[in-house]
Amino acid sequence: MSVPLRQNLRMAGYLAAQKIKGNKKFPLLVELEPLFACNLGCAGCGKIQHPADQLRRRMPVEQAVSAIQECGAPMVSIAGGEPLMHPEIDRIVNELVAQKKFVYLCTNALLVRKWWHKFDFKPSPYFAFTIHLDGLRERHDKSVCQDGVFDEAVESIRWLQDRGFRVTTNTTIFNTDTPQTIIDVMNFLNDDLKVDQMMISPAYAYQKAPDQEHFPVVEETRALFSKAFANGNRKRWRLNHTPLFLDFLEGKRDFHCTAWGIPSYSLFGWQKPCYLMSDGYASTYKELIEETDWDKYGRGRDPRCANCMAHCGYEPTAVMATMGSLRESLRAMRS
């Protein structure tokens, strides 16, 4: 299965509970940013353009855990910045795992082996390292603006696998990609490295990103994915997405953005409206949900959303459409 059975069952139960309670807006996953600092300066990143005093900040463990408890999300993706630069990132992970949250720790992997002695991570079906890989060696190192990162990421994946950890990957697609570059990296991750699951998503044009020229528009995205997914590739790859989201990437389905489904919590609070755009912050999750004008966001409503097809906005829509249909639920289980 593309998504672990344990996770699928938990999400089905969670969605059923939300329906019974009559909740209209609720989180499926939280993008948790316990710091903004990073050891890379990727050209397409808009997350590290903060003043030096903000880059030095680290979120206290209690604050991070309390935010997840407050909103009740069953899944957490810990991003940044580079989470392994947080001296207590293992405590954040372990406390969330103890609460049986599904935790994905997103990292560029440069510090995995170098700083392993500083941490106390343990293998768990609720925990996975998510290694960022945008392509094979030349493609990835160019994307992160540093040579040697691809090789270290690959070695770290194998090193973690040998120690019994679940390892997933996250790949961002730019308009410099071709169907073949996508196929090449997915084949490598799926067949050679044999990672547990792979996530893939079109790049979003952060306003503060140094590189503003290489973000794909909707038509380019659909053409890229429809060709890359052809010839049985989509079914063969262990993709950590619902079939409906993959349909969306190919242009077979269209969805509205469900930004509230994957809220973002950082040092500044709950980010409005999503992980990719910053229109202010709410101090509580309740405030985020009740005081954000969700109807003004999405393609055709806000020009910043015009070419966005990122998973943080559209995967929640696909998940809820899947869970609301017996046919699509069975399809997801078979994929």
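Here are some questions and answers on the fold, strands, helix 10 and backbone oddities of this predicted model.

Residues are numbered from 1 along each chain as its sequence is written. Local features need pLDDT of at least 70, side-chain atom pairs count only at pLDDT 80 or more, and totals for chains, interfaces and linings use all residues, while side-chain values use heavy atoms, with hydrogens and water left out.

Q: How many helices and strands are there in the protein?
A: Helices (H or I, at least four residues) and strands (E, at least two) are DSSP runs, numbered from the N terminus. On that count the protein has 13 helices and nine strands.

Q: Why is the protein as compact as a globular protein of its length?
A: The yardstick is the globule rule, 2.2 Å times the number of residues to the power 0.38, with the radius of gyration taken over C-alpha atoms. The C-alpha trace spans about 50 × 50 × 40 Å along its principal axes. For 335 residues the rule gives 20 Å, and the protein is as compact as that because its radius of gyration is close to it, at 19 Å.

Q: What share of the contacts with a separation of 6 or more comes from residues 24 or more positions apart?
A: Contact here means heavy atoms within 4.5 Å. Among contacts in the protein with a separation of 6 or more, the share from residues 24 or more positions apart is 75%.

Q: What percentage of the exposed area do carbon and sulfur atoms supply?
A: Areas come from the Shrake-Rupley method with a 1.4 Å probe, and for residues only the protein chains shown count as cover. The protein exposes about 14400 Å², and the part supplied by carbon and sulfur atoms is 52%.

Q: Which residues of strand 5 point the other way from Arg166, Thr168, Asn170 and Thr172?
A: Buried means under 20% relative accessible area, exposed over 50%, and partly exposed in between (1.4 Å probe, protein chains only). Strand 5, residues 166-173, has eight of its eight residues buried. Both faces are therefore under that cut-off. The other face holds Val167, Thr169, Thr171 and Ile173.

Q: In strand 6, which residue is the bridge partner of Ile173?
A: Two strands pair if DSSP finds at least two bridges between them. Strand 5 pairs with strand 4 (residues 127-132) in the parallel sense over five bridges, with Phe129 partnered by Val167. Six bridges also join strand 5 to strand 6 (residues 197-202), again running parallel. There, the partner of Ile173 is Pro202.

Q: Which residue of strand 4 stands opposite Tyr104?
A: Strand 4 is largely enclosed by the rest of the structure, because five of its six residues are buried. Strand 3 (residues 102-107) runs parallel to strand 4 and is joined to it by five bridges. Opposite Tyr104 stands Ala128.

Q: Is Glu250 buried or exposed?
A: Glu250 lies in helix 10 (residues 243-250), where eight of eight residues are buried. Leaving aside neighbours within four places in sequence, Glu250 is in contact with Arg222, Phe225, Ser226, Phe229 and Arg234. With a relative accessible area of 13%, Glu250 is buried.

Q: Which residue with a positive phi follows helix 10?
A: Helix 10 includes Leu249 and Glu250 among its buried residues. Just after the helix, phi is near 85°, and the residue is Gly251.

Q: What is the omega of the cis peptide bond from Lys272 to Pro273?
A: Most residues other than glycine have a negative phi, and most peptide bonds are trans. One cis bond joins Gly80 and Gly81, with omega about 10°; Gly81 sits in the loop between strand 2 (75-78) and helix 4 (89-98). Pro273 belongs to strand 8 (residues 269-273). For the bond from Lys272 to Pro273, omega is near -5°.

Q: What is the relative accessibility of Asn231?
A: Asn231 lies in the loop between helix 8 (218-228) and helix 9 (233-236), and its phi is positive, near 60°. Asn231 counts as exposed, at a relative accessibility of 78%.

Q: Where is Lys194 placed?
A: Lys194 is a residue other than glycine with a positive phi, near 55°. Lys194 is exposed, with a relative accessible area of 56%. Its place is in the loop between helix 7 (179-192) and strand 6.
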